[in-house]
Amino acid sequence: MTRARMPRPHEVAAACRDPRLLRARRDRLGDLAWRAQGRCQTVDPETFFPAPSEPADVALALCRSCDVQGACLAWALDQGDCNGVWGGTTPRERRAMLVAWRSENTPEPAPAMP
Ligand code: SF4
């Protein structure tokens, strides 16, 4: 098994501007109620976990028409390193998004006490 390489700075910069990531920031929810509204609820779950050599086109097309795409991607990014298609993204696409997500969701350190 090979480890995935770290995303390059230009890939992270592109991820920061990706409309899917922007939607995830906007639609992030504190619970999992969004799951019941997913288009994937009526589809074989295996569709969303294609083998690395298989295309993810069917799952990605379903996600693009899903009303909870943003909340779904936010959940996947909060989980970190998860497999499968979530929120209209592949695991490979989420690697750079995850760096951007974590950098913008990490609180600023508290100022030093005088
Ligand atoms: S975005 Fe895709 S994986 Fe997420 S709930 Fe919708 S159909 Fe399912």
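Modeller: A residue is called buried when its relative accessible area is under 20%, exposed when that area is over 50%, and partly exposed in between, with a 1.4 Å probe and the protein chains only. Everything discussed here comes from a predicted model, in which local features need pLDDT of at least 70 and side-chain atom pairs count only at pLDDT 80 or more, while totals for chains, interfaces and linings use all residues. Residues are numbered from 1 along each chain as its sequence is written, and side-chain values use heavy atoms, with hydrogens and water left out.

Colleague: What makes a stretch of this chain a helix, and how many helices are there?

Modeller: Helices are DSSP runs of H or I with at least four residues, strands are runs of E with at least two, and both are numbered from the N terminus. The chain has 5 helices and 0 strands, and the pattern along the sequence reads α-α-α-α-α. Of its 114 residues, 36% count as buried.

Colleague: Why are the buried residues of helix 2 said to lie on the same side?

Modeller: In helix 2 (19-27), the buried residues are R20, L21 and A24. The arc is taken from the directions that run from the helix axis to the C-beta atoms, and for these residues the arc is only 100°, which puts them on the same side of helix 2. The face turned away from that buried side carries the exposed residues P19 and R26.

Colleague: Which residues of helix 3 are buried, and what covers them?

Modeller: In helix 3 (residues 57-64), A59, L60, L62 and C63 are the buried ones. Their arc around the axis is only 160°, which places them on the same side of helix 3, and D57, V58 and R64 are exposed on the other side. An α-helix has 3.6 residues a turn, so residues three or four places apart point the same way. What covers the buried residues includes helix 4 (69-79).

Colleague: How do you know whether A59 and D57, both in helix 3, are buried or exposed?

Modeller: A59 has a relative accessibility of 1%, so it counts as buried, whereas D57, at 54%, is exposed. Contact means heavy atoms within 4.5 Å, and, leaving aside neighbours within four places in sequence, A59 is in contact with T47, F48 and V85. The C-alpha atoms of A59 and T90, which are 31 residues apart along the chain, are separated by 9.4 Å. D57 and G88 are likewise 31 residues apart in sequence, with 9.8 Å from C-alpha to C-alpha.

Colleague: Why is helix 4 called largely enclosed?

Modeller: Of the 11 residues of helix 4, 9 are buried, so helix 4 is largely enclosed by the rest of the structure. The buried residues are Q69, G70, A71, C72, L73, A74, W75, A76 and L77. Just after helix 4, G80 takes a positive phi of about 95°.

Colleague: What makes T89, P52 and L32 buried, exposed or partly exposed?

Modeller: T89, in the loop between helix 4 and helix 5 (91-105), has a relative accessible area of 0% and is therefore buried. Apart from neighbours within four places in sequence, T89 is in contact with R20, L60, L73, G84, R94 and M97. P52 lies in the loop between helix 2 and helix 3 and, at 88%, is exposed; P52 and G84 are 32 residues apart in sequence and 9.7 Å apart in space, C-alpha to C-alpha. L32, which is also placed in the loop between helix 2 and helix 3, has 42%, so it is partly exposed.

Colleague: Where does the ligand sit, and which residues are around the ligand?

Modeller: The ligand sits in the second largest pocket. On a 1 Å grid over the protein atoms alone, a pocket is an open set of points with protein on both sides within 12 Å along at least five of seven lines, and a molecule sits in a pocket if more than half of its atoms lie within 2 Å of the grid points. A residue is near a molecule if one of its heavy atoms lies within 4 Å of it. The residues around the ligand are W34, G38, R39, C40, F48, C63, C66, V68, Q69, C72, V85 and G87.

Colleague: How many residues of this shell are nonpolar, polar and charged?

Modeller: The shell around the ligand divides into 8 nonpolar, 3 polar and 1 charged residues. Ala, Val, Leu, Ile, Met, Phe, Trp, Tyr, Cys and Pro count as nonpolar, Asp, Glu, Lys and Arg as charged, and the others, Gly among them, as polar.

Notes. On a 1 Å grid over the protein atoms alone, a cavity is a set of points where a 1.4 Å probe fits but cannot get out, and a pocket is an open set with protein on both sides within 12 Å along at least five of seven lines; lining residues have an atom within 4 Å of a point.
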